[in-house]
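Please open the structure in your viewer, and keep the selection tool at hand for the stops that follow.

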Amino acid sequence: MSYFRNITESASSIFEGMAVTFSHLLRRPVTIQYPDRIPRPLKEVLPERFRGFLKVDMEICTACLACMTDCPIDCIKIVTEKDEKSKERMLTQFDIDLAKCMYCGLCTEPCPTGAIHFTREFERATYSLEDLVFKFVPEGQVIEPYKQPK
């Protein structure tokens, strides 16, 4: 008796699965052909709080190192040196390794000036991981950090 019950249950579960499959067969597809068949540019369609690549506005960066210390996976590297003449702190390196970044946003929150923020850019196909290291201070250059008014 259980043999026939097992056959009946198997057949009914197959028909239930096929009913779901056939119900989707007659529906209109929801897949959007990216990128050439969407009515508006993709950057306009993205949500307001979209997290794309990180960008640093070096004109207002204070070199406080808050973003580097709050990054949980150490993808931000900031190197500062003291200037011998003026005894001021100078930025010599500000790199973000986007191959490591998990786009959590923890680096953007502690920034006192909002210098580090997410952009709407997200396309960056590459064969080399070194292409995903963004260098905001060009090699061999030194940048004086922004001083906030008191």
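How much space lies in the largest cavity? In this predicted model, about 90 Å³ of space lies in the largest cavity. To find the place, select Cys61, Cys64, Cys67, Phe94 and Cys111, which are the closest to the centre of this cavity among the 13 residues that line it. If you then colour the lining of the largest cavity by class, twelve of its residues come out as nonpolar and one as polar, while no charged residue takes part.

A search of the whole structure finds two cavities of 30 Å³ or more, and the next stop is the second largest cavity, with a volume of about 60 Å³. Select its lining, which includes Leu54 and then Cys71, Pro72, Ile73 and Cys75, and add the residues Cys101, Met102, Tyr103, Cys104, Gly105, Leu106 and Cys107, which also line the second largest cavity. By class, the lining of the second largest cavity has eleven nonpolar residues and one polar residue, and again there are no charged residues.

For the last stop, go to strand S3, which covers residues 89-97, and select Thr92 within this strand. Is Thr92 buried or exposed? Thr92 counts as buried because its relative accessibility is 18%, and buried means under 20%. To see what surrounds this residue, leave aside the neighbours of Thr92 within four places in sequence and display Val79, Thr80 and Glu81, together with Val137, Gln141 and Val142, with which Thr92 is in contact.

How values were computed. Residues numbered from 1 in each chain as written. Predicted model: local features only at pLDDT ≥ 70, side-chain atom pairs only at ≥ 80, totals over all residues. Heavy atoms only, no water. 1 Å grid on protein atoms, 1.4 Å probe; cavity = no way out; pocket = protein on both sides within 12 Å on 5 of 7 lines; lining within 4 Å. Points joined across faces, edges and corners; volume = space filled by probe spheres on them. Nonpolar A, V, L, I, M, F, W, Y, C, P; charged D, E, K, R; others polar. Helix = DSSP H or I, 4+ residues; strand = E, 2+ residues; numbered from the N terminus. Buried < 20%, exposed > 50% of the residue type's maximum accessible area, 1.4 Å probe, protein only. Contact = heavy atoms within 4.5 Å.
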